[in-house]
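Please open the structure below in your viewer and keep the sequence panel visible. The tour goes stop by stop, with a selection to make at each one.

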Amino acid sequence: MTDTDNDYCLIDVTRPPEADGPPYAACVLCQEPTEHPESYKGITLCPVCEWREAERTSCSG
C-alpha cells in the first residue's frame, strides 16, 4: 500500500483557492489567518483546524 492522497476517505471535498498574499480569510473556528483569500465565499479553515477536522472526520478501518 502506498501513501497517496487517495488512501483515505474523502467525500467530494473541494478546497478553497490559496491566496497569493494578504489579505487572508479568517478561520471560521479560531479566527486565525488561513492560506485562502479574504474574497473567498465559503468555509475557510487555518492549517491547524483543517488538520484537526480531518482527524475528527477521518474514516477508520
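Buried means under 20% relative accessible area, exposed means over 50%, and partly exposed lies in between, with a 1.4 Å probe and protein chains only. This is a predicted model, in which local features need pLDDT of at least 70, side-chain atom pairs count only at pLDDT 80 or more, and totals for chains, interfaces and linings use all residues. Residues are numbered from 1 along each chain as its sequence is written, and side-chain values use heavy atoms, with hydrogens and water left out.

**Whole chain**

Start with a cartoon view. The protein has 1 helix and 2 strands, arranged along the sequence as β-β-α. Helices (H or I, at least four residues) and strands (E, at least two) are DSSP runs, numbered from the N terminus. Of the 61 residues in the protein, 18% are buried. Switch on the surface: the accessible area is about 5300 Å², and carbon and sulfur atoms hold 53% of that. Accessible areas come from the Shrake-Rupley method with a 1.4 Å probe; for residues, only the protein chains shown count as cover. Among contacts with a separation of 6 or more, 8% link residues 24 or more positions apart, where contact means heavy atoms within 4.5 Å.

**The hairpin**

Select 24-26 and 33-37, which are β1 and β2. These strands run antiparallel and are joined by 2 bridges; two strands pair if DSSP finds at least two bridges between them. Pick tyrosine 24 and look across to its bridge partner in β2, proline 37.

Next, select the 6 residues between the strands of this hairpin. Which residue there takes a positive phi? Glutamine 31 does, with phi near 70 degrees, a positive value in a residue other than glycine. Glutamine 31 is exposed, at 56% relative accessibility.

Leucine 29 also sits in the loop between β1 and β2. The relative accessible area of leucine 29 is 55%, so this residue counts as exposed. Add Val28 and Ile43 to the selection: with Leu29 they make a nonpolar surface patch of about 310 Å². Patches are made of residues with over 30% relative accessible area and no salt bridge; like charges are joined within 9 Å, and nonpolar side chains (Val, Leu, Ile, Met, Phe, Trp, Tyr) within 5 Å.

**The cysteines**

Show the cysteine side chains. How many disulfides does the rule give? The count is 0, a disulfide being a pair of cysteine sulfur atoms within 2.5 Å. Cysteine 27 is in no disulfide, and its nearest cysteine sulfur, on cysteine 49, is 3.7 Å away. Cysteine 30 is likewise in no disulfide; there the nearest cysteine sulfur belongs to cysteine 46, at 3.7 Å. Is cysteine 27 buried or exposed? Cysteine 27 is buried, because its relative accessibility is 0%. Cysteine 30, at 33%, is partly exposed.

**The helix**

Finish by selecting residues 47-57, helix α1. Show the side chains of glutamate 53 and arginine 56, which lie 3 residues apart, about one turn of the helix. They meet in a salt bridge, with 2.7 Å from N to O. A salt bridge is a side-chain nitrogen of Lys or Arg within 4 Å of a carboxyl oxygen of Asp or Glu, and by this rule the count is 1. Arginine 56 is exposed, at 60% relative accessible area, whereas glutamate 53 is partly exposed, at 28%.
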